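Biologist: I would like a close look at a single part of this structure. Could you take me through what surrounds it, step by step?

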Amino acid sequence: SVTNQAPITPSANVLCGKVKRKSRSEPAEISVQIGAHLNLIGFAAHAGIKTGDTAYALFEDSSVVLALV
């Protein structure tokens with residue numbers, strides 16, 4: 001999930017970046033830029049998140065899928 005609040009559990013898998021895109025659906029699909037040419041897609045856990053916000057992506061090891069385009 002994607003949130004604009006820093007995580008409290010230090011053991012979680014977390015990446016920080018900027019929100020580049022947000023869908024209008026609920027829950028909102030979010031695109032977070034975490035590197036120069038690297039984006040992470042997820043669903044917002046916080047309804048008030050906006051494009052341009054700093055976001056923290058929390059994920060489980062088993063949730064990772066890589067794609068080369």
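Modeller: In this predicted model, Lys 18 stands opposite Thr 54, a residue of strand β5, which covers residues 54-59 and pairs with β2 in the antiparallel sense over six bridges. β2 also pairs with β3, and here four bridges join the two strands, which again run antiparallel; within this pairing, Val 19 stands opposite Val 32 in β3. As a general point, the side chains of a regular strand alternate between the two faces of the sheet.

β2 and β3 form a hairpin with six residues between them, and the loop that links β2 (13-22) to β3 (29-35) is where Ser 23 is found. Ser 23 has a relative accessibility of 18%, and because buried means under 20%, this residue counts as buried. The side chain of Ser 23 takes part in two kinds of polar approach that are worth following in the display: with the side chain of Ser 25 there is a polar contact at 3.0 Å, while the backbone nitrogen of Glu 29 is reached by the side chain of Ser 23 at 2.8 Å. When residues up to four places away in sequence are not counted, Ser 23 touches Ala 28 and Glu 29, so that Glu 29, where β3 (29-35) begins, appears both among these contacts and as the partner whose backbone nitrogen the serine side chain reaches.

Conventions: Residues are numbered from 1 along each chain as its sequence is written. This is a predicted model: local features need pLDDT of at least 70, side-chain atom pairs count only at pLDDT 80 or more; totals for chains, interfaces and linings use all residues. Side-chain values use heavy atoms; hydrogens and water are left out. Buried means under 20% relative accessible area, exposed over 50%, partly exposed in between (1.4 Å probe, protein chains only). A polar contact is a pair of N or O atoms within 3.5 Å; within protein, one must be able to donate a hydrogen and the other to accept it, and residues adjacent in sequence count only if both atoms are side-chain atoms. Contact means heavy atoms within 4.5 Å. Two strands pair if DSSP finds at least two bridges between them.
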